Amino acid sequence: DMVAEKVAWDGTPVWNLRFGSNYDETANGISATLDGGAIIAGSALVTQPESDGLLLKLDAAGNVEWTKTYGVSSVCDELHDVVECPNGGYLAVGAGCFSTTWPLIVRTDALGDTLWTRRLSDSQGRAVHVELTNYGYLISGNSVGAPRALFVVAMDDQGSVLWDRITHEYDQEMGAATVLPSGDVAFGGNIVDAGIGLWDVFIATLSGTGQGASCNLIAANLTALPTTWLLGTA
């Protein structure tokens, strides 16, 4: 089942939701919507082993407004993240699985009906994060295979790829990208390196058009958090 909870700024619970059906559902990403509600991206196991991507729209009180599934491949699909589009509707990202493991992009209207879908067939892997930009969307994730790599794709609202970049340094996974105040793009994830430790942090910086140089964070230069820590208040 899917579980979601809304809390006030001080942590006081406002509402909580447990959503389930005859299928197995998973929730992978959630985004606030302009009407005070939220939209959740995930997957629903329709018939073993087939699953479909799933979007679930909640209103401001936590009530389910609608649910939609997206079975683009004949085997299975899953959605990892979703954003509300400035001109209405939603854009969700995810992947197929098994023999159809390609990053999946689904653009819907305000009721979740599909406007268009895209498969990034030149980069076998999964899209795990999407962010709004002034040109459309910044989509990021990681490829599969050996070695795994991080990728970033800039896409407009019609689904056209403006530019894309993929890293090929060691073995990397769980990529996520964001637009900096300068307009440049930063993205990163985990990296398997022969250096310090088994897993290190990887960060790359790109210009707003996808140009730039990458860099690694050296674990020896980072300060570890204690096992238990608490965020302070201003």
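Here is a short walk through a few strands, a loop and some side chains of this structure. Please keep in mind that the model is predicted.

Let us begin with strand S8, which runs over residues 90-96 and is mostly covered, with seven of its seven residues buried. On one side of the pairing pattern is strand S7 (residues 77-84), which joins S8 in the antiparallel sense over seven bridges. If you look for a marker of this pairing, take Asp77, whose bridge partner in S8 is Gly96. The hairpin formed by S7 and S8 has five residues between the strands, and there Gly88 takes a positive phi near 100 degrees.

S8 also pairs with strand S9 (residues 103-108), again in the antiparallel sense and over six bridges. Here Tyr90 is a handy landmark, as this residue stands opposite Thr108 in S9.

Now move along the chain to Met155, a residue of strand S13. Is Met155 buried or exposed? Its relative accessible area is 0%, so Met155 is buried. With neighbours within four places in sequence left aside, the contacts of Met155 include Ile105, Trp116, Leu120, Tyr135 and Gly136. Tyr137, Ile139, Ser160, Val161 and Leu162 are also among the residues that Met155 touches. A further pair to look at is Met155 and Leu138: they are 17 residues apart in sequence, while their C-alpha atoms are 6.5 Å apart in space.

Next comes Asp157, which you will find in the loop between strand S13 (150-155) and strand S14 (161-166). Does this loop residue count as buried or exposed, and what does its side chain meet? Asp157 has 18% relative accessibility and therefore counts as buried, since the cut-off for that class is under 20% relative accessible area. Its side chain makes a polar contact of 3.0 Å with the side chain of Arg107. A second polar contact, of 2.4 Å, joins the side chains of Asp157 and Tyr137. Beyond its neighbours within four places in sequence, Asp157 is in contact with Asn87, Arg107, Trp116 and Tyr137. Trp116 and Tyr137 also appear among the contacts of Met155, which makes these two residues useful places to pause in the viewer.

To finish, turn to the aromatic rings. How many aromatic pairs does a search of the whole structure find? The search finds one. Another arrangement that involves a ring is at Trp66: the charged end of Lys68 sits over this ring, 5.7 Å from its centre.

Terms used:
Residues numbered from 1 in each chain as written. Predicted model: local features only at pLDDT ≥ 70, side-chain atom pairs only at ≥ 80, totals over all residues. Heavy atoms only, no water. Helix = DSSP H or I, 4+ residues; strand = E, 2+ residues; numbered from the N terminus. Buried < 20%, exposed > 50% of the residue type's maximum accessible area, 1.4 Å probe, protein only. Polar contact = N/O pair within 3.5 Å; in protein donor to acceptor, adjacent residues only side chain to side chain. Contact = heavy atoms within 4.5 Å. Phe/Tyr/Trp six-rings, centres within 6.5 Å; stacked < 30°, edge-to-face > 60°. Lys NZ or Arg CZ within 6 Å of the ring centre and 35° of its normal. Pairing = 2+ DSSP bridges.
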